[in-house]
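Welcome! Here are a few exercises to work through with the structure on your screen. Try each task before you read its solution.

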Amino acid sequence: QNLDPETLCRTMATCTPENAIIVNEAATTGLAWNAQYASQAAPHTMFFLTGGAIGQGLPNALGAALACPDRRVIAFQADGSGLYTLQALWSMAREGADVTVVVCANRRYRILQVELARSGITEPGPRAQSLTDLTRPVIDWVALAKGFGVPACSVRTDSELADALKRSLAERGPSLIEAVHASFLDAGCDVIETCTLPAHRRAR
């Protein structure tokens, strides 16, 4: 089944290991996690936004991994806010931090589109739409992660996400999984070719 907020959060809940630390900066995708699926996952600790600022997800995940090296950290990360502090991936690789980054790739600043609607702008003009769009060109999260030394792959379905999570959680060190939303696929946009996480890292 193609990924949307419901299927993505449900798969995350199924795969979350007991005593994990989840840093939730998935923005609009993460709403389903907070409302329903967090309670269905194994017991875990969760950090999430308390205000309107974005960009803290990746560095918070790194800090959690360094503070609690005996626990697995999952960074549940929106693609837009993840771009604010992308360099945290390099620090994860440098420190060998046990962080699994799941990037919710809807290719837009969806939270800003929500704020426009809250302001009464129900039909944004082409300029406003362009400013909240993350295509032209599509951001290649797999290439970005690898450039910082973090193994990465891209998935489009719940079964692909489950397989990628199981592989990542079974290995030491950081990895990144780009979870491409069905809404992006339905729009007929190009998608970066999928790949598999390498098997050369030592098992947990």
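**Exercise 1. Find Val142 and describe its surroundings.**

Step 1: Val142 sits in helix α8, residues 141-147; helices here are DSSP runs of H or I with at least four residues, strands are E runs of at least two, and both are numbered from the N terminus. Residues themselves are numbered from 1 along each chain as its sequence is written. This is a predicted model, in which local features need pLDDT of at least 70 and side-chain atom pairs count only at pLDDT 80 or more, while totals for chains, interfaces and linings use all residues, and side-chain values use heavy atoms, with hydrogens and water left out.

Step 2: Val142 counts as buried because its relative accessibility is 7%. Buried means under 20% relative accessible area, exposed means over 50%, and partly exposed is in between (1.4 Å probe, protein chains only).

Step 3: Measure along the chain and then through space: Val142 and Ser175 are 33 residues apart in sequence, and their C-alpha atoms are separated by 10.0 Å.

**Exercise 2. Work out the order of the strands in the sheet.**

Step 1: Begin with the inventory, which is ten helices and six strands.

Step 2: Six strands form an open sheet with parallel pairing, in the order β2-β1-β3-β4-β6-β5. Two strands pair if DSSP finds at least two bridges between them.

Step 3: Look at the edges, β2 (45-48) and β5 (152-155), each of which pairs on one side only. On average, neighbouring strands of this sheet are turned by 15 degrees against each other, direction ignored.

Step 4: Zoom in on β5, which pairs with β6 (residues 175-180) in the parallel sense over four bridges. Ala152 has Leu176 of β6 as its bridge partner.

**Exercise 3. Describe how helices α1 and α2 are placed.**

Step 1: At the N-terminal end of α1, Asp4 acts as a cap, with a side-chain oxygen 3.1 Å from the backbone nitrogen of Glu6.

Step 2: The buried residues of α1 are Thr7, Leu8, Cys9, Thr11, Met12, Ala13 and Cys15. Their cover includes α2, β3, β4, α9 (158-169) and β6.

Step 3: Helix α2 (residues 30-37) lies across β1, β2 and β3 (73-78), and runs at about 130 degrees to β1. Such angles run from 0 to 180 degrees between N-to-C directions, with axes fitted to C-alpha atoms, for helices over the stretch in contact.

**Exercise 4. Compare two asparagines, Asn19 and Asn106.**

Step 1: Asn19 is in the loop between α1 (5-15) and β1 (21-25), while Asn106 is in the loop between β4 (99-105) and α6 (110-118).

Step 2: Asn19 is partly exposed, because its relative accessible area is 41%. Asn106 has 9% relative accessibility, so Asn106 counts as buried.

Step 3: Leaving out residues up to four places away in sequence, Asn106 touches Thr28, Asp79 and His181; contact means heavy atoms within 4.5 Å.

Step 4: Asn19 has a positive phi of about 75 degrees, although it is not a glycine. Most residues other than glycine have a negative phi.

**Exercise 5. How many disulfides are there?**

Step 1: Apply the rule that a disulfide is a pair of cysteine sulfur atoms within 2.5 Å.

Step 2: Check Cys104, whose closest cysteine sulfur is in Cys9, 7.0 Å away and therefore too far for a bond.

Step 3: The count comes to zero disulfides.

Definitions and conventions. A polar contact is a pair of N or O atoms within 3.5 Å; within protein, one must be able to donate a hydrogen and the other to accept it, and residues adjacent in sequence count only if both atoms are side-chain atoms.
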